[in-house]
Amino acid sequence: MISAEKIPNNVNLSGNKRLQRALEHWQPKYIQWWRDMGPQGFQDYHQVYVRTAVSVDPEGWAHFEYVKLPEYRWGIFLADPVHDRRIGFGDFFGQPVWQEVPGEFRNQLRRLIVTQGDTEPASVEQQRLLGQRCPSLYDLRNLFQVNVEEGRHLWAMVYLLHSYFGRDGRDEAEELLERQSGNRDKPRILQAFNEPIDNWLDFFMFTMFTDRDGKSQLMSLSESSLDPLSRTTRFMLTEEAHHMFVGETGVARILERTCQLMKEAGFSGDVRKLGGIDLPTIQKHLNQWFSLSLDLHGGEVSSNAASYFANGLKGRAKEETFGDHLITNSHYSIEFFENGKAATKDVLMRHAMNEILRDWYVGDCAAGIERWNRVLEQHGMSDRLTLPDRKFNRNIGMYSGFHFDPHGAPVSNNDWERRRLEWLPSVADSEYLLSIMATPIYEPGKFANYIAPPRRGINQQSIDFEYVRTEA
Ligand SMILES: [Fe+2]
Ligand SMILES: [Fe+2]
């Protein structure tokens, strides 16, 4: 049975002794990494009410219990196979999917899996200090739920590396524990995963926008011809949904509280004087994490992306909803920026795959902003949050050499330097946020002054349930 094994799984690990031994060898290194780089101060004396995946069916991944974090049962779970699944796009359209890695695509697939895998432990590292500044036990529990699941996503990728990439895969699995978020010599691969997340506004924006990039990427990988990659990412998506719930409702609750404080402060008054988070600060953090997450989708015109599509490695989000799955001769319009002017040009659609995924992502984010604005509307506020233009604050792709304001209008270097702190968080903003989060709230049912309580608790527990308890 699953529960009797050292590594919970639904991949019949005990039927492959070599693989089982290799993963059992990696496991203590993973636990050591979790102790060193995971939630600081919450390793040995706290029990957390978390959901643990014990199988992939709905009951099996909605199993809640108290666990000490290092004893969480990280496992390997693949979504059920689809009978007679066929390749859904690219040059091999219609052929049976692969159960093994074809030699000619080994390097490309390894790169995709390592890049995805690297983001998972990175976010745990970025968030490791947040427990000491939490706004409530409810939020603390949600943070740890996200953290343990990102740990499990690392397991998901390491399982693929160990299973299908031999010695190289095992080496990559080791390196996934060696790179460190923000480390000067050995940073994480992607820039957004090297940015510190030391306050809860950043955490909620990260789970809203950067975990949603995770959703983009997992959706496109779940279309992959490599069937085990498709199945593992399909199950990861079910967990990812909770991460975005945490981000979206976290910011919504801050907005709710900000509106209350604005009323108390008499609208023209300064919400910060009442210990709240003012709307301009919220907008700046939104700008920051949205633009960083746009970068994660890669360059607008990309021959790598074209080749991933052609080879059937990475599809479009919801590939089945498109009419043409080969797109050998289709074109796609992209806004170029040349000689100080925007100009729309057609490129081969296969080369625009990153941009097509980014379109899906921007749409999904925009829907979230609408929901946030409803909170402002319900409180009778005329202020609204907005998504910045996708050219704003980019460090990857064709806009990266230029500056744009949040509406997408070009600005000079000088103007950018002069005005960037109107649009992006400043050191003073961070200091302010840290000052109101300096004292963590560990009392059940109590919430920090800058955030409203949630509508309901987790797993039908009450809001004042003891979501994290200290061992006597
Ligand atoms: Fe993840
Ligand atoms: Fe996530």
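Start with the crossing of H5 and H7, which is right-handed. To find it, select residues 200–221 for helix H5 and residues 279–295 for helix H7. Keep in mind as you click around that this is a predicted model. The two helices pack at an angle of about 30 degrees, and their axes are 9 Å apart. Angles under 35 degrees count as roughly parallel, so H5 and H7 are roughly parallel to each other.

Now show the side chains where these two helices meet. On the H5 side, pick Leu201, Asp202, Met205, Phe206, Phe209, Thr210, Arg212 and Asp213. On the H7 side, pick His285, Leu286, Trp289, Phe290, Leu292 and Ser293. Try colouring them by class: you should get 8 nonpolar, 3 polar and 3 charged residues.

**Next stop: H5 and H9**

Keep H5 on screen and add helix H9, residues 353–378. What angle do H5 and H9 make? They pack at about 140 degrees, with their axes 10 Å apart. Roughly antiparallel would need an angle over 145 degrees, so this pair counts as oblique. The crossing of H5 and H9 is right-handed.

For the contact itself, select Met208, Phe209, Arg212, Asp213, Ser216 and Ser220 of H5. Their partners on H9 are Leu357, Trp360, Tyr361, Asp364, Cys365 and Gly368. By class, this contact splits into 6 nonpolar, 3 polar and 3 charged residues. Look out for Phe209, Arg212 and Asp213 of H5: they take part here, and they also belong to the contact with H7.

**Into the core**

The largest nonpolar core has 103 residues. Which of them touch the most other members? Select Ile113, Phe144, Val158, Met205, Ile254 and Met353 to see them. Then highlight helix H3, residues 137–164, which gives the most to this core, with 15 residues.

Zoom in on Ile254. Not counting residues up to four places away in sequence, Ile254 touches Leu201, Ile277, Ile282, Tyr450 and Ile451. You have met Leu201 before, in the contact of H5 with H7.

**A tryptophan on H9**

Go back to H9 and click Trp372. Is Trp372 buried or partly exposed? Trp372 has 19 C-beta neighbours inside 10 Å, so it counts as partly exposed; being buried takes 20 or more. Leaving aside neighbours within four places in sequence, Trp372 is in contact with Val251, Ala252, Leu255 and Leu385. Use the distance tool on Trp372 and Leu255: their C-alpha atoms are separated by 7.7 Å, although the two residues are 117 apart along the chain.

**The stretch around Glu264**

Glu264 sits in helix H6, residues 227–265. With 13 other C-beta atoms within 10 Å, Glu264 is partly exposed. Add Leu274, which is 10 residues away in sequence and 8.5 Å away in space, C-alpha to C-alpha.

**Last stop: two loop residues with a twist**

Most residues other than glycine have a negative phi. Select Ile327, in the loop between helix H8 (303–310) and strand E3 (331–338). Ile327 isn't a glycine, yet its phi is positive, about 40 degrees. It is buried, with 22 other C-beta atoms within 10 Å.

Then jump to Asn393, in the loop between H9 and strand E5 (403–404). Asn393 also isn't a glycine, and its phi is positive at about 55 degrees. With 24 C-beta neighbours inside 10 Å, Asn393 counts as buried.

Key: Residues are numbered from 1 along each chain as its sequence is written. Chains are lettered from A and ligands numbered from 1 in the order in which they are written. This is a predicted model: local features need pLDDT of at least 70, side-chain atom pairs count only at pLDDT 80 or more; totals for chains, interfaces and linings use all residues. Axes are lines fitted to C-alpha atoms, for helices over the stretch in contact, and angles run from 0 to 180 degrees between N-to-C directions. Helices (H or I, at least four residues) and strands (E, at least two) are DSSP runs, numbered from the N terminus. Angles under 35 degrees count as roughly parallel, over 145 as roughly antiparallel, 65 to 115 as roughly perpendicular and the rest as oblique. A crossing is left-handed if the near helix is turned anticlockwise from the far one by less than a right angle, and right-handed if clockwise. Two residues are in contact if their C-beta atoms, placed from the backbone, lie within 7 Å. Ala, Val, Leu, Ile, Met, Phe, Trp, Tyr, Cys and Pro count as nonpolar, Asp, Glu, Lys and Arg as charged, and the others, Gly among them, as polar. A nonpolar core is a set of buried Ala, Val, Leu, Ile, Met, Phe, Trp, Tyr and Cys residues joined through C-beta atoms within 7 Å. A residue is buried if 20 or more other C-beta atoms lie within 10 Å of its own, exposed if 12 or fewer, and partly exposed in between; C-beta atoms are placed from the backbone.
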